[in-house]
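This report describes one protein chain for a reader who has not met it before. Please look at the sequence and the model first.

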Amino acid sequence: QAGRCFEAVKAATWLVARGALNLTVFTSAYGLVGGLLPILVLVPSYFHGDIALGVLFQVEGVLGGVRHSLDFFVNAYSSIASWQAATRRMLALEACAGLGPPPMVPLVAEGSGAHC
């Protein structure tokens with residue numbers, strides 16, 4: 001019995017560690033690629049003479065603004081996942097304790113013909 005419980009705890013810990021590693025790798029890669037990719041894409045056009053240096057930096061600034069807007073979702077993912085996990089744990093605890101939410105009371109008496 002204790003061996004099975006330990007294996008379950010070990011498996012859960014492994015899943016949490018693996019998820020944290022995946023999140024960290026993605027966040028780091030996003031940060032590195034997001035800063036360098038616009039420059040790496042635009043530099044050949046600059047050296048070919050298709051765009052001026054000012055245009056290169058203007059486009060990089062615009063893409064930086066878009067990236068900054070998307071940063072919210074990347075940075076907030078771990079907080080949202082933690083909130084969701086805590087909520088699920090609380091709901092499971094309520095279900096185990098038999099303290100679920102109160103039953104829903106209809107707003108209108110049945111048979112009155114009114115629909116919500």
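The text below goes from the chain as a whole to its pocket, its side-chain pairs and a few single residues.

**Overall picture**

The model is a predicted one. Its chain contains two helices and zero strands. Helix α1 covers residues 2-48, and helix α2 covers residues 53-97. Of the 116 residues in the chain, 6% are buried. The area that the chain exposes is about 9,700 Å², and 72% of this area comes from carbon and sulfur atoms.

**The largest pocket**

Where is empty space left? Rolling a probe the size of a water molecule over the atoms shows this. The largest pocket holds about 270 Å³ of space. Its lining consists of L15, V16, G19, A20, L23, Y77, S78, A81, S82, A85 and R89. Two elements, α1 and α2, each give two or more residues to this lining. Which of them gives the most to the lining? The answer is α2, with six residues. By residue type, the lining has seven nonpolar residues, three polar ones and one charged one.

L23, one of the lining residues, lies in helix α1. Its relative accessibility is 25%, so L23 counts as partly exposed, between the limits of 20% and 50%.

**Contacts across the sequence**

L23 can also be placed relative to a residue far along the chain: V74 is 51 residues away in sequence, while the two C-alpha atoms are 9.2 Å apart in space. A second pair of this kind is V59 and I39, which are 20 residues apart in sequence and 9.1 Å apart from C-alpha to C-alpha. V59 belongs to helix α2. With a relative accessibility of 31%, V59 is partly exposed.

**Aromatic pairs**

How many aromatic pairs are there? The count is three. Among them is the pair of F26 and Y30, with ring centres 6.3 Å apart and planes at 25°. This pair is stacked because its angle is under 30 degrees. F26 and Y30 are four residues apart in helix α1, so about one helical turn separates them.

Another of the pairs is Y46 and F47, whose ring centres are 5.4 Å apart and whose planes stand at 55°. That angle is neither under 30 degrees nor over 60, so the pair is tilted. Are the two residues of this pair buried or exposed? Y46 is partly exposed, at 30% relative accessibility, whereas F47 is exposed, with a relative accessible area of 67%.

**The salt bridge**

The structure has one salt bridge. It joins E7 and K10, and the closest N and O atoms are 3.6 Å apart. This distance falls within 4 Å, so the pair counts as a salt bridge. Why are E7 and K10 about one helical turn apart? They are three residues apart in helix α1, which gives that separation. Both partners are partly exposed: E7 has a relative accessible area of 43%, and K10 has one of 44%.

**Accessibility of the residues discussed**

The table collects the relative accessible areas given above.

| Residue | Relative accessible area | Class |
|---|---|---|
| E7 | 43% | partly exposed |
| K10 | 44% | partly exposed |
| L23 | 25% | partly exposed |
| Y46 | 30% | partly exposed |
| F47 | 67% | exposed |
| V59 | 31% | partly exposed |

Technical notes. Residues numbered from 1 in each chain as written. Predicted model: local features only at pLDDT ≥ 70, side-chain atom pairs only at ≥ 80, totals over all residues. Heavy atoms only, no water. Buried < 20%, exposed > 50% of the residue type's maximum accessible area, 1.4 Å probe, protein only. Areas by Shrake-Rupley, 256 points an atom, 1.4 Å probe, with all protein chains shown as cover. Phe/Tyr/Trp six-rings, centres within 6.5 Å; stacked < 30°, edge-to-face > 60°. 1 Å grid on protein atoms, 1.4 Å probe; cavity = no way out; pocket = protein on both sides within 12 Å on 5 of 7 lines; lining within 4 Å. Points joined across faces, edges and corners; volume = space filled by probe spheres on them. Nonpolar A, V, L, I, M, F, W, Y, C, P; charged D, E, K, R; others polar. Salt bridge = Lys/Arg side-chain N within 4 Å of Asp/Glu carboxyl O.
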